[in-house]
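Biologist: Got a minute to go through this model with me? I'd like to talk about rings, charges and holes.

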Amino acid sequence: MIICLGIVIFNFQFSVFNSLRAQGFDWHRLNVTIDYSTQSPAFNAVSLLQGRSGLFAGHPASSLNVGVGYRLWGHFEAGLYANYSGASATSGTGNRDLGNGQTLQTVYFKDGSAFGWGALVQVHLVPYKYRHEIGIDMSARLGFDFSGLEADNAWFGIGWDYWISKHVSLSWSADLGSFRYSRMENALNGSNMWGGRLAMGVRVEL
């Protein structure tokens, strides 16, 4: 799977290089996105206890993401992204008796920074030249993790953009994958490794 994924990425990058060389580099097609995201497991939500120091203390599901993208042709976009999260799981779970015949299962987390990075490919619904006239856009997203934070090294989702000026848009996305927090929580809870991620931020087009 990794070999096939590498071939796909290499071919796509080669195609991107040829496209840039053919059409000439256009700074207006370059954009930077900064967003805040939160993850959740797909099924078994559990209570959490975690450390209380550092960035995102008490919020192991949170992360900060930065991406750089370049619009190709009419509908396509390719780029790179990096993210930071501030918590990691400790070894194990525990159960607490609530006194009414029910128990509360708890997964323990501690502070521990992690950095990830990868490549992102998007297919936009609105063509590039009409993005400002229409003012809103939707895209299908496919990401490839190169840092080893995601168990399957790939994730997918959908995104929305709402243009508030010629160079700035509000950005939302919803993704599905074996993300770090979801994977840790679900693995400790005996569930599958897949979970969701919601993000909101700002996209700046140069």
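Modeller: Sure, let's take the aromatic rings, then the salt bridges, then the cavities, keeping in mind that this is a predicted model.

Biologist: How many aromatic pairs does the structure hold?

Modeller: Six aromatic pairs turn up in the structure. One of them is Tyr81 with Trp155: the ring centres are 5.8 Å apart and the planes sit at 70 degrees, so that pair is edge-to-face.

Biologist: Where do Tyr81 and Trp155 lie?

Modeller: Tyr81 is in strand E4 (residues 76-97) and Trp155 is in strand E7 (residues 154-163), so the pair ties together parts 74 residues apart in sequence.

Biologist: And are those two buried or exposed?

Modeller: Tyr81 counts as buried at 11% relative accessibility. Trp155 is buried too, at 3%.

Biologist: What about Phe156 and Trp194, how are their rings arranged?

Modeller: Their centres are 6.2 Å apart and the planes are at 50 degrees, so this pair is tilted. Phe156 lies in strand E7, while Trp194 is in the loop between helix H3 (180-188) and strand E9 (195-205), so the contact ties together parts 38 residues apart in sequence.

Biologist: Why do you call Phe156 partly exposed?

Modeller: Phe156 has 43% relative accessibility, and the partly exposed class runs between the 20% and 50% cut-offs, so Phe156 falls in it. Trp194 is also partly exposed, with a relative accessible area of 30%.

Biologist: Which residues do ring pairs link into a cluster?

Modeller: Tyr81, Trp155 and Phe179.

Biologist: Which charged residue lies over the face of Trp155?

Modeller: Arg197 does, at 4.5 Å from the ring centre. There's also Arg131, which lies over the face of Tyr128 at 3.8 Å from the ring centre.

Biologist: OK, on to charges. What does Arg197 meet in a salt bridge?

Modeller: Asp175. The N to O distance between the side chains is 3.0 Å. Asp175 lies in strand E8 and Arg197 in strand E9, so the pair ties together parts 22 residues apart in sequence.

Biologist: Are Asp175 and Arg197 buried or exposed?

Modeller: Asp175 is buried, and Arg197 is as well.

Biologist: How many salt bridges does a search of the whole structure find?

Modeller: Six. Among them is Glu77 with Arg203, at 3.1 Å from N to O. That pair links distant parts of the chain, with Glu77 in strand E4 and Arg203 in strand E9, 126 residues apart.

Biologist: What other salt bridge does Arg203 form?

Modeller: Arg203 also forms one with Asp161, where the closest N and O atoms are 3.2 Å apart. Asp161 sits in strand E7 and Arg203 in strand E9, so that bridge ties together parts 42 residues apart in sequence.

Biologist: How accessible are Glu77, Asp161 and Arg203?

Modeller: Glu77 is buried, with a relative accessible area of 3%. Asp161 is buried at 4%, and Arg203 is buried at 7%.

Biologist: So how do Glu77, Asp161 and Arg203 fit together?

Modeller: Salt bridges with shared partners join Glu77, Asp161 and Arg203 into one network.

Biologist: Changing topic: how many cavities of 30 Å³ or more are there?

Modeller: The count comes to three. The largest has a volume of about 320 Å³, and 28 residues line it.

Biologist: Which of those are closest to its centre?

Modeller: Asp35, Gly67, Tyr81, Leu120 and Arg141. Tyr81 is the one we met earlier, in the edge-to-face pair with Trp155.

Biologist: Which strand gives the largest share of that lining?

Modeller: E4, with seven residues. Strands E1 (30-41), E3 (62-72), E5 (103-124), E8 (168-177) and E9, as well as E4, each supply at least two.

Biologist: What's the mix by class in that lining?

Modeller: There are 11 nonpolar, 11 polar and six charged residues around the largest cavity.

Biologist: And what is the volume of the second largest cavity?

Modeller: About 70 Å³. Its lining includes Gln39, Asn65, Glu150, Phe179 and Arg197. E3 and E4 each supply at least two of the lining residues.

Biologist: How do the residues of that lining divide by class?

Modeller: Two are nonpolar, five polar and three charged. Arg197 ties our topics together: it lines this second cavity, lies over the face of Trp155 and meets Asp175 in a salt bridge.

Key:
Residues numbered from 1 in each chain as written. Predicted model: local features only at pLDDT ≥ 70, side-chain atom pairs only at ≥ 80, totals over all residues. Heavy atoms only, no water. Phe/Tyr/Trp six-rings, centres within 6.5 Å; stacked < 30°, edge-to-face > 60°. Helix = DSSP H or I, 4+ residues; strand = E, 2+ residues; numbered from the N terminus. Buried < 20%, exposed > 50% of the residue type's maximum accessible area, 1.4 Å probe, protein only. Lys NZ or Arg CZ within 6 Å of the ring centre and 35° of its normal. 1 Å grid on protein atoms, 1.4 Å probe; cavity = no way out; pocket = protein on both sides within 12 Å on 5 of 7 lines; lining within 4 Å. Points joined across faces, edges and corners; volume = space filled by probe spheres on them. Nonpolar A, V, L, I, M, F, W, Y, C, P; charged D, E, K, R; others polar. Salt bridge = Lys/Arg side-chain N within 4 Å of Asp/Glu carboxyl O.
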